[in-house]
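This report describes a metal site, a set of salt bridges and the packing of nonpolar side chains in one protein model. The sequence and coordinates come first.

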Amino acid sequence: MDNESVAQYRSWFSRFVEEHAVGNELDQQNILLKKTHTAGVCGNALRIAAGLGLDAAATSLAEVIALFHDVGRFPQYVRYQTFEDSRSVNHAVLGAKVLLERNVLRGLPVWERSLIVRAVALHNVFILPSRLDDEVRLHTEIVRDADKLDIWRIFAGLLGRNPAAWPSAAGLGLPDTRESSPEVLASLERREMVRLTSLRTLNDFKLLQLAWIYDLNFTPSLRMVIERSVIERLTASIPPTDELSRIARNLRNYVNERLDAHAAPGQAPSEAVQRP
Ligand SMILES: [Fe+2]
């Protein structure tokens, strides 16, 4: 993948977004949210790629996967007026279909085309399949980290504002009550991911996002969690309890332990120890 191809794909993406513009201003806010999100994910993917020491071609590939990862969101919203996959379609699979049906990647070798399509299709699965080609795994893990980091950025930016004024899709339509569900808190205590189907309140959604920290793949991503105060910003928006403090402490310890393990002397050179 060279720079010229990346520039062409960026123009294709802009045209694709234009094509999915919607008349209603509230709906258009949701479309623009995904456009801005895509730019954020591209920036994060570039930072992770740099932190991992990837070469120029692999870095461009990571950027293109980030650019296309949510391409399915646009037709999803136009057709169903929602970003909730459970009420519409799996947006990652739809994105992979868009890339194939429109033959967007026709200029690339077959292996690269299929790698991009697979990474896009897998970017939102709950757990990655255990058997994956090394390169597909690497790029899927990069886009998954980059995606989470940008969702935290968007969400943290919204937290200071009344949820009633958020773009309608941002809070998944969950009620902004003071409660968190015991089931969701228990998953966090076990350091496990939270399933979307178990969400009852907006606080549950914040907890689900905190649990993503346990799913991060690379040390550059963990560093960004610290830099951007992700744990502090999300927990500050949930009513304080002892259980929440414990959850926040566990998360901080987990991030610090992984960063310390990475920095510890006697470890393999940086590229090799980025992953758990
Ligand atoms: Fe997505």
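## Iron site

At 5% relative accessibility, His123 counts as buried, where buried means under 20% relative accessible area, exposed means over 50% and partly exposed lies in between (1.4 Å probe, protein chains only). The model is predicted, so local features need pLDDT of at least 70 and side-chain atom pairs count only at pLDDT 80 or more, while totals for chains, interfaces and linings use all residues. Residues are numbered from 1 along each chain as its sequence is written, and side-chain values use heavy atoms, with hydrogens and water left out.

His123 binds the iron ion through NE2, alongside Asp70 (OD) and His91 (NE2), and these protein donors lie 2.1 to 2.3 Å from the ion. Donors are N, O and S atoms within 2.8 Å of the metal (3.2 Å for Na, K and Ca); water is not among the atoms, so sites may look incomplete. Along the chain, the donors of the iron ion follow the spacing D-x20-H-x31-H. Asp70 sits in the loop between α3 (56-68) and α4 (73-80) and His123 in the loop between α6 (110-122) and α7 (134-159), so the pair ties together parts that are 53 residues apart in sequence. Helices (H or I, at least four residues) and strands (E, at least two) are DSSP runs, numbered from the N terminus. Asp70 is buried at 2% relative accessibility.

## Salt bridges

A salt bridge is a side-chain nitrogen of Lys or Arg within 4 Å of a carboxyl oxygen of Asp or Glu. By this rule the count comes to 13 salt bridges. Asp70 also takes part here, in a network of salt bridges with Arg73 and Asp85. Three other pairs are tabulated.

| Pair | N to O distance |
|---|---|
| Arg10 and Glu63 | 2.8 Å |
| Arg137 and Glu141 | 3.7 Å |
| Asp215 and Lys148 | 3.1 Å |

Arg10 lies in helix α1 and Glu63 in helix α3, so their salt bridge ties together parts that are 53 residues apart in sequence. Arg10 is partly exposed at 42% relative accessibility, whereas Glu63 is buried at 11%. Arg137 and Glu141 are four residues apart in helix α7, a separation of about one helical turn. Arg137 is buried at 18% relative accessibility, and Glu141 is buried with a relative accessible area of 7%. In the pair Asp215 and Lys148, Asp215 is in the loop between α9 and α10 (219-227) and Lys148 in helix α7, so parts 67 residues apart in sequence are tied together. Lys148 is buried at 8% relative accessibility.

## Nonpolar packing

A nonpolar core is a set of buried Ala, Val, Leu, Ile, Met, Phe, Trp, Tyr and Cys residues joined through side-chain atoms within 4.5 Å. The largest such core has 83 residues, of which Phe68, Ile116 and Ile213 touch the most other members. Helix α7 gives the most to this core, with ten residues. Beyond residues up to four places away in sequence, Ile213 touches Trp152, Val225, Val230, Ile231, Leu251, Tyr254 and Val255, contact meaning heavy atoms within 4.5 Å.

Trp12 is found in helix α1 (residues 3-19) and is buried, with a relative accessible area of 14%. Leaving aside neighbours within four places in sequence, the contacts of Trp12 are Phe68, Val71, Val98, Arg102 and Val104. The C-alpha atoms of Trp12 and Val104 are separated by 8.2 Å, although the residues are 92 apart along the chain.
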